[in-house]
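Colleague: I would like to go through the terms used here one at a time. Please set each value against its definition and conclude.

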Amino acid sequence: MISFTIAKFLTSFKNVEDSLHERNLQTLEEHSTKVLHSLKDIETKLQFIRVKAYLQHGEISTARTIAQSIQRTPSYKSESIQLIHKLMEEKRYLDAIEMCDIFKLITVNQDQLKIEGENDEIVELRQKAMEKLKNSSRIDVMTKFPPEIRTLILDQLDFIDILSCIRVSKDWRHFIFNDLPNIRQVILDEKTRQKSGSFCSQFYKSSMQVLSDGVKSLKIDYQGYKEEIEVDILTMLTSVSFNNLRVLIVLFRHFPEEQFRNILRNSCHTLEEVHLNEVTFTCNEILDICPKLKRLSYETYDILPQQQPQPQYSSLMYLYIHITGGYEAEGFKQVLKRLTNLEEIIIQTRRSNVDSLRLIHQYGSKHLRHIRLNGPSPLYTPYDVLTTYDETFIDTSRFDYTIDVHDCLLMTATLLLDLINHSVNMKQKIKAVALCLTPDSRLDDWNSFKYFTSPCLQYIKFSFTKETEEIFASVILNCPTLEEVNIFRLLSSPSNITMDALRSLPVLKCFAIENVESEFYPRFVPEMLYDDDDDDDGFVPDCIKNVDDIIIRQFFTYHALLDNHSTLQEVRLRHISNLEPETFEALFKIKSLKSLNFAGSDLLSNNHSFGSVISSEEKSLLPSELENLVLHDVNRITNDDLQFLDCSNILLAKLYGVTIDGIKVMMENSKRLKKLTVRRCGRTMDAHRQREEVKDIVKRKNIEFELTL
């Protein structure tokens with residue numbers, strides 16, 4: 001088309017030259033006008049060619065700019081319509097719509113197109129493009145994606161959702177069976193069963209059989225008493241075998257031994273983690289079946305010795321054993337001697353003795369980095385509830401080398417030092433020592449611990465009596481790298497001996513004095529530690545709550561006077577008493593504070609209102625740079641006390657004077673709040689209704705909100 005225009009231009013130009021030679025002015029004017037029109041037409045056609053080229057290369061903005069600058073010539077409309085038709089043929093409907101929006105307002109020979117007319121071809125083309133675009137949106141996008149993208153999408157779905165996808169179409173079924181080599185986790189529990197209808201349906205079983213080799217993690221979680229659910233889960237497991245599992249979690253009452261053995265055997269060469277609840281298997285039996293295990297957690301009634309000698313087992317690095325009954329020392333000894341590369345061991349036992357710790361010292365792997373007695377369980381959620389809610393237990397697994405002993409009646413300084421000196425690495429690199437000892441422990445005989453020193457100890461948790469306070473103060477002085485000091489289970493109020501030692505620490509970041517709230521603690525300590533009466537008071541006799549307020553206040557004042565040189569970032573005062581408001585005033589003057597954790601209705605002396613400590617009528621009295629705040633069962637907190645609180649993370653628990661109205665005002669006033677957790681606040685609260693009440697605020701201010709009654 002452009003070649004014809006150029007030929008026409010050359011002919012007209014020759015006529016202009018002939019008219020010039022003939023000296024015919026009228027003919028010259030006529031032909032020269034045609035030449036100028038042809039030049040404009042050529043320019044227009046070249047501009048349209050440029051628009052097409054940029055559209056082909058995806059440079060939409062450049063194409064748009066050129067299209068808007070094209071001169072309005074007689075060929076403009078035909079060229080624009082031709083371009084739109086071309087885009088429609090290539091199914092580039094969005095580009096076609098955009099070009100229509102540009103072209104329909106352009107004039108031809110200075111006359112505005114009547115875009116309102118029914119016969120306007122550009123408007124009709126735009127309507128067709130819109131219809132085509134609407135219909136094209138119904139195209140199965142999964143068929144357009146490459147296999148790598150499809151796999152990334154399917155990886156985000158749980159197994160039941162994947163089964164739903166199989167039913168969409170033959171293409172989707174083909175994609176899943178061929179493009180999804182691995183399935184992250186299959187969960188068999190009551191919730192999943194309700195979602196799927198039945199584990200025993202032919203569709204579920206056949207799909208599971210096809211996909212089972214790609215399943216990497218299997219969790220069987222049912223501890224209820226509905227027989228039909230148990231039968232459903234067990235029947236499905238009988239018909240499907242998992243041959244490439246890496247992780248197996250069985251939280252199932254009375255799981256059939258033979259069925260469990262079959263699951264282990266089918267994936268024996270790929271299993272790396274096994275977590276079990278209430279099994280009759282011994283540790284050695286599991287290790288014999290699975291030669292490549294790295295992590296093993298299980299609950300058993302006892303540990304019985306094996307008659308035959310067991311070969312060494314080098315791959316296991318983590319072992320958690322919950323012993324619900326008793327155990328024979330010989331059986332535990334055999335397990336320890338077998339695990340030559342074990343790095344972390346946790347023993348949970350009802351018996352509060354030190355036999356297991358002595359055996360770990362004598363026969364444990366020299367690679368041990370974490371040793372725990374009665375520490376937190378990886379199998380159960382109640383401990384997580386306690387950690388989040390009561391915030392008494394601090395997870396010491398974040399430290400590289402740790403000794404963590406909970407409630408061991410016969411724990412001695414000699415045994416603790418033996419565990420610390422268990423290996424060269426443990427002795428030289430120990431980062432955390434946590435001793436949650438009972439008042440009946442032999443704290444009077446800890447003189448040998450007085451001279452313990454470490455060049456890299458960062459965390460220590462301990463109790464002391466008046467007689468042994470000097471010993472633990474000496475340990476603080478001997479470990480200048482300490483960052484966190486937790487006086488847990490208050491047996492004697494810290495005196496200047498301890499506080500002077502704390503002042504000597506150049507990098508102290510966290511200071512805590514804590515007792516335990518009665519309603520949580522009994523679930524996690526041996527029953528033998530409690531008195532025999534039925535009043536469920538929760539505390540072991542002889543624990544105290546009163547602290548020396550003046551000494552604590554002097555410590556806070558010292559750090560406040562350090563001004564910007566103080567390193568103290570976190571203070572935890574939980575379930576203690578006898579503190580004066582002036583002590584909190586001194587605490588809040590510490591500029592480096594980032595986190596405060598308060599608990600206990602008797603925290604303040606003389607029944608003072610804790611609300612008056614943290615806020616006045618016009619502003620919050622807390623440090624301006626505070627990021628985290630926990631208020632748990634503190635005395636007389638009301639809605640008015642919350643309105644000026646402003647931290648990144650706030651947890652409110654058991655504040656019965658707080659209602660949803662006060663929480664809404666606090667959220668509205670806050671400028672920094674990112675996460676708010678409210679638990680058991682108010683006395684007559686409807687959780688669903690209250691979540692709805694704050695829904696708009698949470699969404700508008702982008703706050704992570706959790707409410708539990």
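Colleague: What volume does the second largest cavity have?

Modeller: The second largest cavity has about 50 Å³, where a volume is the space filled by probe spheres set on grid points joined across faces, edges and corners. This is a predicted model, in which local features need pLDDT of at least 70 and side-chain atom pairs count only at pLDDT 80 or more, while totals for chains, interfaces and linings use all residues. Residues are numbered from 1 along each chain as its sequence is written, and side-chain values use heavy atoms, with hydrogens and water left out.

Colleague: What makes a space a cavity?

Modeller: A cavity is a set of points, on a 1 Å grid over the protein atoms alone, where a 1.4 Å probe fits but cannot get out. Rolling a probe the size of a water molecule over the atoms shows where empty space is left. Here, four cavities of 30 Å³ or more are found.

Colleague: Which residues line the second largest cavity?

Modeller: Its lining consists of Thr282, Cys283, Asn284, Tyr298, Thr300, Asp302, Ile303, Leu304 and Val335. To count as lining, a residue needs an atom within 4 Å of a point. Two elements, α14 (283-289) and β5 (295-300), give two or more residues each to that lining. Helices (H or I, at least four residues) and strands (E, at least two) are DSSP runs numbered from the N terminus, and the chain has 27 helices and 19 strands.

Colleague: How does that lining divide into nonpolar, polar and charged residues?

Modeller: Five are nonpolar, three polar and one charged. Ala, Val, Leu, Ile, Met, Phe, Trp, Tyr, Cys and Pro count as nonpolar, Asp, Glu, Lys and Arg as charged, and the others, Gly among them, as polar.

Colleague: Why is Arg489 called buried?

Modeller: Buried means under 20% relative accessible area, exposed over 50%, and partly exposed in between (1.4 Å probe, protein chains only). Arg489 has 3%, so Arg489 is buried. Arg489 sits in the loop between β12 (484-488) and α21 (496-503) and, although not a glycine, has a positive phi of about 65°.

Colleague: Why does Asn578 count as partly exposed?

Modeller: The relative accessibility of Asn578 is 34%, in between the two cut-offs, so Asn578 is partly exposed. Asn578 too is not a glycine and has a positive phi, of about 80°. It lies in the loop between β14 (570-574) and α23 (581-588).

Colleague: How many of the chain's residues count as buried, as a percentage?

Modeller: Of 709 residues, 50% count as buried.

Colleague: What makes a set of residues a nonpolar core?

Modeller: The members must be buried Ala, Val, Leu, Ile, Met, Phe, Trp, Tyr or Cys residues, joined through side-chain atoms within 4.5 Å. In soluble globular proteins, nonpolar side chains tend to be buried together. The largest core holds 162 residues, of which Leu319, Phe584, Phe598 and Leu676 touch the most other members. Another core lies apart from it, with 19 residues, among them Phe48, Leu83, Ile122 and Ala129.

Colleague: Which residues does Phe584 touch, not counting those up to four places away in sequence?

Modeller: They are Leu573, Leu579, Phe598, Leu603, Leu604, Phe610 and Val613. Contact means heavy atoms within 4.5 Å.

Colleague: Why does Ile183 count as buried?

Modeller: Its relative accessibility is 3%, which is under the cut-off for buried, so the term applies. Ile183 lies in the loop between α9 (170-179) and β1 (186-189). Leaving aside neighbours within four places in sequence, the contacts of Ile183 include Phe159, Ile162 and Leu211.

Colleague: Why is Lys594 called partly exposed?

Modeller: Lys594 has a relative accessible area of 29%, in between the cut-offs, so Lys594 is partly exposed. The loop between α23 and β15 (595-599) holds Lys594. The C-alpha atoms of Lys594 and Leu568 are separated by 8.5 Å, with their places 26 residues apart along the chain.

Colleague: Is Ser609 buried or exposed, and what makes it so?

Modeller: Ser609 is buried, because its 16% relative accessibility is under the cut-off. Ser609 is in the loop between β15 and α24 (611-614). Not counting residues up to four places away in sequence, Ser609 touches Leu604, Asn635 and Arg636.

Notes. On a 1 Å grid over the protein atoms alone, a cavity is a set of points where a 1.4 Å probe fits but cannot get out, and a pocket is an open set with protein on both sides within 12 Å along at least five of seven lines; lining residues have an atom within 4 Å of a point.
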